[in-house]
Amino acid sequence: MADNRGVTQDNTALGTALRQWRDRTSPQDAGLPVNGVRRAPGLRREELAQLAGLSVDYVVRLERGRATSPSPQVLAALSRALRLSQAERDHLFLLGGQAVPSAGQVSQHVGPGVQRLLDQLRGTPFSVHDAAWNLISWNALWAALIGDPSASRGRERNVAWRHFTHLPTRVSHTPDEEARFETALVSDLRTSSARYPADTELRSLIADLRNESRRFDELWRSHSVGFHTADSKTIHHPELGPVTVDCDTLTVPGSDLRIAVFSAPSGTSTSEQFALLSTIGIQAIAAAAHDAGQ
């Protein structure tokens, strides 16, 4: 089957490749706990589905060649879950009937080296974003704190869109924190738009934000340029109450990923709240994911 860009999809080859990559990826490599005896060393379909934010049924249909035309977002999620190299990711896109992401587009690829680094942060909530501030990856502790984003789609996963269109959130800022956060976020998007002038999705996001949000348009017209690096915020958790965190935004040399890491400010009870989240919060998310897979 061919899409309108002339890229041909081979469902059988796609399924074969996914099974082979899944079989070679151990749960330990993927940052998953290993419980009990396993019949095979690789990931189970349920585990791949969990890591990629997909349903188990959809993963089964992809592997059996019954699902056609997976979206670029689905292919990118599978690439991250399977720890594919950039060359393997490009091959996956071609097998899936999608054009390989070009150097002029915002990339959502999380390389194996970056993923190994992230695996060491299991006790710290973190999220990973692309240069347009789309949420592309997170750990269980972050989801337990902020709220599980697995069901969110499209711009619901974009930090700027959520903030400037006032979508529901557990996060609050003081007026000074909010001013710094908004200015840095818009400035970073301006820098990204200059870096990726051919990225149509980024241009569309910025145009729609300027139409939807007077505050965004005001900041955009100010022509400030910068990068969101560090600040504090309060997260209102339904069981733990207010959780105060320091948020540092890290970048990786050679990539345009933004890794937002939450840490406990000195002299606060946040460390104890993180410890509680690592049990009750993660268990609740795991139970919800199990129920969804039934």
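The following questions and replies go through a predicted model and ask what lies behind the words used for its parts.

Me: What does the protein come to in helices and strands, and how much of it counts as buried?
Reply: The secondary structure comes to 12 helices and six strands. Of the 294 residues, 45% count as buried. The accessible surface is about 14800 Å², and 52% of that belongs to carbon and sulfur atoms. Among contacts between residues at least 6 apart in sequence, 58% join residues at least 24 apart.

Me: Why is the pair of phenylalanine 164 and phenylalanine 216 called edge-to-face?
Reply: A search of the whole structure finds two aromatic pairs, and phenylalanine 164 with phenylalanine 216 is one of them. Their ring centres are 5.3 Å apart and their planes meet at 80°. Centres within 6.5 Å make a pair, and planes over 60 degrees apart count as edge-to-face. The distance of 5.3 Å and the angle of 80° meet both conditions, so the name applies.

Me: What makes this pair a tie between separate parts of the chain?
Reply: Phenylalanine 164 belongs to helix 8 (residues 159–164), while phenylalanine 216 belongs to helix 11 (residues 214–221). The pair therefore ties together parts that are 52 residues apart in sequence. Both phenylalanine 164 and phenylalanine 216 are buried.

Me: Why is the pair of phenylalanine 216 and tryptophan 220 called stacked?
Reply: The centres of these two rings are 5.9 Å apart, with 15° between the planes. Planes under 30 degrees apart count as stacked, and the centres need to lie within 6.5 Å. Both values pass, so phenylalanine 216 and tryptophan 220 form a stacked pair. The two residues both lie in helix 11, four residues apart, about one turn of the helix. Both are buried.

Me: What makes Phe164, Phe216 and Trp220 a cluster?
Reply: Ring pairs link these three residues. Phe216 pairs with Phe164 and also with Trp220.

Me: How do you know that arginine 155 lies over the face of tryptophan 161?
Reply: Arginine 155 is 5.0 Å from the ring centre of tryptophan 161. The distance limit is 6 Å, and the charge must also be within 35 degrees of the ring normal. Arginine 155 is listed as lying over the face of the ring. Elsewhere, the charged end of arginine 89 sits over the ring of phenylalanine 93, 6.0 Å from its centre.

Me: How do you know that the buried residues of helix 6 line one face of the helix?
Reply: The buried residues of helix 6 (residues 112–119) are Val114, Gln115, Leu118 and Asp119. Seen down the helix axis, they fall within an arc of 145°, so they line one face. What covers them includes strand 1 (126–129) and strand 6 (258–263).

Me: Why is glutamate 63 called buried?
Reply: Its relative accessible area is 3%. Buried means under 20%, so glutamate 63 qualifies. Glutamate 63 is in helix 3, where Tyr58, Val59, Val60 and Leu62 are also buried. The side chain of glutamate 63 makes a polar contact with the side chain of arginine 45 at 2.8 Å. Beyond its neighbours within four places in sequence, glutamate 63 is in contact with residues including Gly15, Leu18 and Leu48.

Me: Why is serine 172 called partly exposed?
Reply: Serine 172 has a relative accessible area of 26%. Partly exposed runs between the 20% limit for buried and the 50% limit for exposed, so 26% falls in that class. Serine 172 lies in strand 3 (residues 171–172). Its side chain makes a polar contact with the side chain of histidine 236 at 2.8 Å. The C-alpha atoms of serine 172 and lysine 233 are separated by 6.2 Å, although the residues are 61 apart along the chain.

Me: What makes arginine 83 count as buried, and histidine 166 as exposed?
Reply: Arginine 83 has 14% relative accessibility, under the 20% limit, so it counts as buried. Histidine 166 has 68%, over the 50% limit, so it counts as exposed. Arginine 83 is in the loop between helix 4 (72–81) and helix 5 (86–95), and histidine 166 is in the loop between helix 8 and strand 3. Phi of arginine 83 is positive, near 60°, and histidine 166 has a positive phi of about 60°.

Definitions and conventions
Residues numbered from 1 in each chain as written. Predicted model: local features only at pLDDT ≥ 70, side-chain atom pairs only at ≥ 80, totals over all residues. Heavy atoms only, no water. Phe/Tyr/Trp six-rings, centres within 6.5 Å; stacked < 30°, edge-to-face > 60°. Buried < 20%, exposed > 50% of the residue type's maximum accessible area, 1.4 Å probe, protein only. Arc of directions from axis to C-beta. Contact = heavy atoms within 4.5 Å. Polar contact = N/O pair within 3.5 Å; in protein donor to acceptor, adjacent residues only side chain to side chain. Areas by Shrake-Rupley, 256 points an atom, 1.4 Å probe, with all protein chains shown as cover.
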